[in-house]
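Welcome! Let us walk through this structure together, one group of side chains at a time.

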Amino acid sequence: MASEDVKTSESAVSTIVNLAEEAKLARQGVKAPSYAVLTICKSLVAGGVAGGVSRTAVAPLERLKILLQVQNPHSIKYNGTIQGLKYIWRAEGLRGLFKGNGTNCARIVPNSAVKFFSYEQASKYNICWSLDTFGCPT
């Protein structure tokens, strides 16, 4: 009973927010997009931003991982994480820690956007993708 009240109040709040957005756009003379398009865009943008931020947060470690994988075993410049990050900082500065992050984000942002949108849609309609019956709501 309590979860139904929460769902009802959440849908009422989202309806009010959407109506306010449409009214604001109408005052500006812009035709408001349909609710479905607005919801899809919000989910895609939220997923894309989350993916980009998370990938950027770990970019220095990803760069270090790649450099450790490809370094010459006969002339090792650094052994561990801290030593490697210090080496990159000294040799290339702050930009060196994030080198290649743009390409990484170009790959991960659309991926994260689609995954988040798909998850939202599956949750909305209580679709369970797992093979076991324990994780599925009834």
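A good place to begin is the pair E62 and K65, whose side chains meet in a salt bridge with N and O 3.4 Å apart. Keep in mind that the model you are looking at is predicted. Both E62 and K65 belong to helix α3, where three residues, about one turn of the helix, separate them. How exposed are these two partners? E62 has a relative accessible area of 23% and is partly exposed. K65 is partly exposed as well, at 40% relative accessibility.

Now look across to another helix. E92 forms a salt bridge with R63, and the closest N and O atoms of this pair are 3.3 Å apart. Because E92 lies in helix α4 and R63 in helix α3, the pair ties together parts that are 29 residues apart in sequence. Is R63 buried or exposed? Since buried means under 20% relative accessible area, R63 counts as buried at 13%. Its partner E92 is partly exposed, with a relative accessible area of 33%.

E92 has a further partner to find. The side chain of K99 meets that of E92 in a salt bridge, at 2.9 Å from N to O. K99 has a relative accessible area of 51%, and because exposed means over 50%, K99 counts as exposed. Put these pieces together, and R63, E92 and K99 are linked in a network of salt bridges. The count of salt bridges in the model comes to three.

From charged side chains, let us turn to nonpolar ones. In soluble globular proteins, nonpolar side chains tend to be buried together. Which residues make up the largest nonpolar core here? There are five of them: L64, L67, Y78, I88 and L97. Helices α3, spanning 59-70, and α4, spanning 81-97, are the elements that give two or more residues to this core. You can follow one member, L67, to its contacts: leaving aside neighbours within four places in sequence, L67 is in contact with Y78 and I88.

Y78 also leads us to the last stop, Q71. Where does Q71 sit? Q71 is found in the loop between α3 and α4. Its side chain reaches the backbone oxygen of Y78 at 3.3 Å. If residues up to four places away in sequence are not counted, Q71 touches I76, K77 and Y78. Y78 is thus a handy residue to revisit on screen, as a member of the largest nonpolar core and as a residue touched by Q71.

Key:
Residues numbered from 1 in each chain as written. Predicted model: local features only at pLDDT ≥ 70, side-chain atom pairs only at ≥ 80, totals over all residues. Heavy atoms only, no water. Core = buried A, V, L, I, M, F, W, Y, C linked by side-chain atoms within 4.5 Å. Buried < 20%, exposed > 50% of the residue type's maximum accessible area, 1.4 Å probe, protein only. Helix = DSSP H or I, 4+ residues; strand = E, 2+ residues; numbered from the N terminus. Contact = heavy atoms within 4.5 Å. Polar contact = N/O pair within 3.5 Å; in protein donor to acceptor, adjacent residues only side chain to side chain. Salt bridge = Lys/Arg side-chain N within 4 Å of Asp/Glu carboxyl O.
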